[in-house]
Amino acid sequence: MTEYGIVERSIVIDAPADRILPHLTDFHRWVSWSPWEGTDAELKRTYAGTDGTVGASYEWDGNRKAGAGTMTATSIAPDSFDVALAFTRPFKSQSLVHFALEPAGASTNVVWTLKSPKTAMSRIVGLVMNMDKAIGTDLDKGLASLKRVVETA
């Protein structure tokens, strides 16, 4: 049985789910809120498929800090979005990303979950770095940016 590392963060956004979901399912829009944007001014981006549909993908290739990889939309529903995340640099890894959009009155609680299989490499990295804190900080930053983008749109 595979053991997973899970990092999860949430934020309440003052908007209904149908106003938030397009910012998640259209990878072109990630440039305006993703916590990893800005890590490489020369980042190369490639988009494939139809925005907002299962199978749409976003591939990036950047410097040592940005790394390289692909995100592919695997499931889209009115209250959720799933992505297969594959890094090819600085190390190879496969993760599952899940966004849940839970009604909270007139607002929406957005929960961002990153689920990664524990490998020998992730266990070694985990000895010197708290992955929940490191990745969680990025997820918090991204959710705060998403909130700002959605609420000012």
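Apart from neighbours within four places in sequence, Ala48 is in contact with Gly55, Ala56 and Ser57. This residue belongs to strand β2, which spans residues 44-48, and Ala48 is partly exposed in the predicted model, its relative accessible area being 38%, a value that falls between the 20% below which a residue counts as buried and the 50% above which it counts as exposed. The C-alpha atoms of Ala48 and Tyr58 are separated by 6.5 Å in space, although the two residues stand 10 positions apart in sequence.

The chain as a whole contains 3 helices and 7 strands, and these elements follow one another from the N terminus in the order β-α-β-β-β-β-β-β-α-α. Of its 153 residues, 39% count as buried. Among the contacts in the chain with a separation of 6 or more, 50% are accounted for by residues 24 or more positions apart.

Successive strands in the second part of the β region are linked by hairpins. Strand β4 (residues 68-77) pairs with strand β5 (residues 80-89) in the antiparallel sense, over 9 bridges, and the hairpin that joins β4 to β5 runs through 2 residues. Within this pairing, Ala77 is placed opposite Ser80 of β5. Strand β5 also pairs with β6 in the antiparallel sense, in this case over 8 bridges, and the hairpin from β5 to β6 passes through 3 residues. Ser80 recurs here, since this residue stands opposite Ala100 in β6.

Strand β6, comprising residues 93-104, in turn pairs with β7 over 9 bridges, again in the antiparallel sense. The bridge partner of Glu102 in β7 is Asn109. The hairpin of β6 and β7 has 2 residues between the strands, and in this hairpin Gly105 adopts a positive phi near 70°. With regard to solvent accessibility, strand β7 (residues 107-117) is mostly covered, given that 9 of its 11 residues are buried. In a regular strand, side chains alternate between the two faces of the sheet.

The packing of helices was examined for α1 and α3. The axes of helix α1 (residues 17-25) and helix α3 (residues 131-152) come within 10 Å and cross at roughly 125°, and the two helices are therefore oblique to each other. The crossing in which α1 passes α3 is right-handed. On the α1 side the contact is made by Arg19, Ile20, His23 and Leu24, which meet Leu146, Val149, Val150 and Glu151 on the α3 side. Sorted by class, the residues in this contact comprise 5 nonpolar, 1 polar and 2 charged.

One participant in the helix contact, His23, was considered separately. His23 lies in helix α1 and is buried, with a relative accessible area of 10%, which is under the 20% limit for that class. When its neighbours within four places in sequence are left aside, His23 is in contact with Arg29, Trp30 and Trp33, and also with Leu146, Val149 and Val150; these last three residues are listed among those of α3 that α1 meets.

Terms used: Residues numbered from 1 in each chain as written. Predicted model: local features only at pLDDT ≥ 70, side-chain atom pairs only at ≥ 80, totals over all residues. Heavy atoms only, no water. Axes fitted to C-alpha atoms, helices over the stretch in contact; angles between N-to-C directions. Helix = DSSP H or I, 4+ residues; strand = E, 2+ residues; numbered from the N terminus. Parallel < 35°, antiparallel > 145°, perpendicular 65-115°, else oblique. Left-handed = near helix turned anticlockwise from the far one by under 90°. Contact = heavy atoms within 4.5 Å. Nonpolar A, V, L, I, M, F, W, Y, C, P; charged D, E, K, R; others polar. Buried < 20%, exposed > 50% of the residue type's maximum accessible area, 1.4 Å probe, protein only. Pairing = 2+ DSSP bridges.
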